[in-house]
Amino acid sequence: SWTLAVFADAGGDILIASGVGPTIQIWHSRAGRRLVELGGEGGPIHAVCAYTGPDGRALLATGEDDGMLRIWDPAEARPVTGLEDGSSPQWSVVAVVMNDGRTLLATGGSDGVVTLWDPTDGVLRHRLRGHSGPVWDMCTVEVDDRVLLVSAGNDGMLILWDPAAGTRLRTIDAHVGGAWTVCGITLADGRSVLASGGSEGPVRV
């Protein structure tokens with residue numbers, strides 16, 4: 001499985017696994033059994049994340065090979081909607097919880113473009129350009145009480161974005177080869193740092 005996401009339902013934790021194929025499998029973490037398999041809509045699913053919808057439901061968002069961002073209701077085992085702007089395969093997806101309480105969904109494509117969607121109304125809020133190759137991973141980090149989006153690209157760069165304004169704040173030349181993964185970490189003293197891994201091996205903080 002290339003991508004994992006975890007969310008909680010009324011009965012316990014559920015592990016969401018997406019392999020190199022057209023499906024995501026939902027497993028019950030306590031019982032260790034597969035509950036349902038979703039997919040078959042748009043080719044291979046490259047990324048999945050879990051987020052809470054405006055009505056409190058747990059929802060899944062998937063980045064797919066056909067360029068679609070699909071939203072799923074795992075409780076009903078069905079797709080809710082699909083969002084697409086004509087871009088390339090989507091290799092990463094992350095939920096961005098804004099300071100005003102809204103949740104946006106960010107996708108990173110093989111064309112290097114990061115798109116920010118409002119899943120409530122299906123509106124494409126921003127299309128962010130900065131990477132020269134595929135965007136392999138994304139995360140959020142809080143800096144000075146602001147939620148920022150961070151993208152990791154095949155060009156070795158980490159780019160910090162303001163998701164509210166749709167602007168680039170900083171570019172970090174992090175890896176000699178591709179930057180494959182990134183996560184935000186809050187230290188005990190309250191500082192926020194980034195940890196990233198790339199094709200050359202070492203994890204950088």
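This section describes the largest pocket, the nonpolar cores, and selected polar and backbone features of a predicted model.

The largest pocket has a volume of about 400 Å³. Its lining comprises 21 residues, and those nearest the centre of the pocket are Thr3, Ala47, Trp91, Trp136 and Asp137. Two or more lining residues come from each of strand S1 (3–9), strand S5 (45–52), strand S9 (90–97), strand S13 (135–143) and strand S17 (179–186). In terms of residue class, 17 of the lining residues are nonpolar, three are polar and one is charged.

The largest nonpolar core contains 14 residues, of which Val96, Ala106, Val114, Leu116, Met138 and Leu149 touch the most other members. At least two residues of this core are supplied by each of S9, strand S10 (103–109), strand S11 (113–118), S13, strand S14 (146–153) and strand S15 (157–162). A separate core of 12 residues lies apart from it, and includes Leu59, Leu83, Ala95 and Trp117. In soluble globular proteins, nonpolar side chains tend to be buried together. Within the largest core, Ala106 was examined further. When neighbours within four places in sequence are left aside, Ala106 is in contact with Ser92, Val93, Val94 and Val96, with Thr115 and Leu116, and with Met138 and Leu149.

Ser92, one of the residues in contact with Ala106, lies in strand S9. Ser92 has a relative accessible area of 2% and is therefore classed as buried, the limit for this class being under 20%. Not counting residues up to four places away in sequence, Ser92 touches Ala47, Ala106, Thr107, Gly108, Val135, Trp136, Asp137 and Met138. Among these, Ala47, Trp136 and Asp137 are also listed with the residues nearest the centre of the largest pocket, while Ala106 and Met138 belong to the largest nonpolar core. Although Ser92 and Gly108 are 16 residues apart along the chain, their C-alpha atoms are separated by 4.9 Å. A polar atom of the Ser92 side chain lies 3.3 Å from the backbone oxygen of Val135.

Side-chain polar contacts were also found around Arg70, which lies in strand S7 (residues 69–73). With a relative accessible area of 11%, Arg70 is buried. The side chain of Arg70 is joined to that of Asp66 by a polar contact of 3.3 Å, and to that of Glu64 by a polar contact of 2.5 Å. Glu64 is located in strand S6 (residues 58–64). The relative accessible area of Glu64 is 1%, so this residue is buried. Both Glu64 and Arg70 are thus charged residues in the buried class.

Two loop residues were noted for their backbone conformation. Most residues other than glycine have a negative phi. Ala77, however, has a positive phi, near 55°, and is placed in the loop between S7 and strand S8 (78–83). Ala77 is partly exposed, at a relative accessible area of 38%. Phi of Asp145 is likewise positive, with a value near 65°. Asp145 occupies the loop between S13 and S14, two strands that each contribute at least two residues to the largest nonpolar core. Asp145 is exposed, because its relative accessible area of 60% falls in the range over 50%.

Note on methods: Residues are numbered from 1 along each chain as its sequence is written. This is a predicted model: local features need pLDDT of at least 70, side-chain atom pairs count only at pLDDT 80 or more; totals for chains, interfaces and linings use all residues. Side-chain values use heavy atoms; hydrogens and water are left out. Helices (H or I, at least four residues) and strands (E, at least two) are DSSP runs, numbered from the N terminus. Buried means under 20% relative accessible area, exposed over 50%, partly exposed in between (1.4 Å probe, protein chains only). A polar contact is a pair of N or O atoms within 3.5 Å; within protein, one must be able to donate a hydrogen and the other to accept it, and residues adjacent in sequence count only if both atoms are side-chain atoms. On a 1 Å grid over the protein atoms alone, a cavity is a set of points where a 1.4 Å probe fits but cannot get out, and a pocket is an open set with protein on both sides within 12 Å along at least five of seven lines; lining residues have an atom within 4 Å of a point. Grid points are joined across faces, edges and corners, and a volume is the space filled by probe spheres set on the points. A nonpolar core is a set of buried Ala, Val, Leu, Ile, Met, Phe, Trp, Tyr and Cys residues joined through side-chain atoms within 4.5 Å. Contact means heavy atoms within 4.5 Å.
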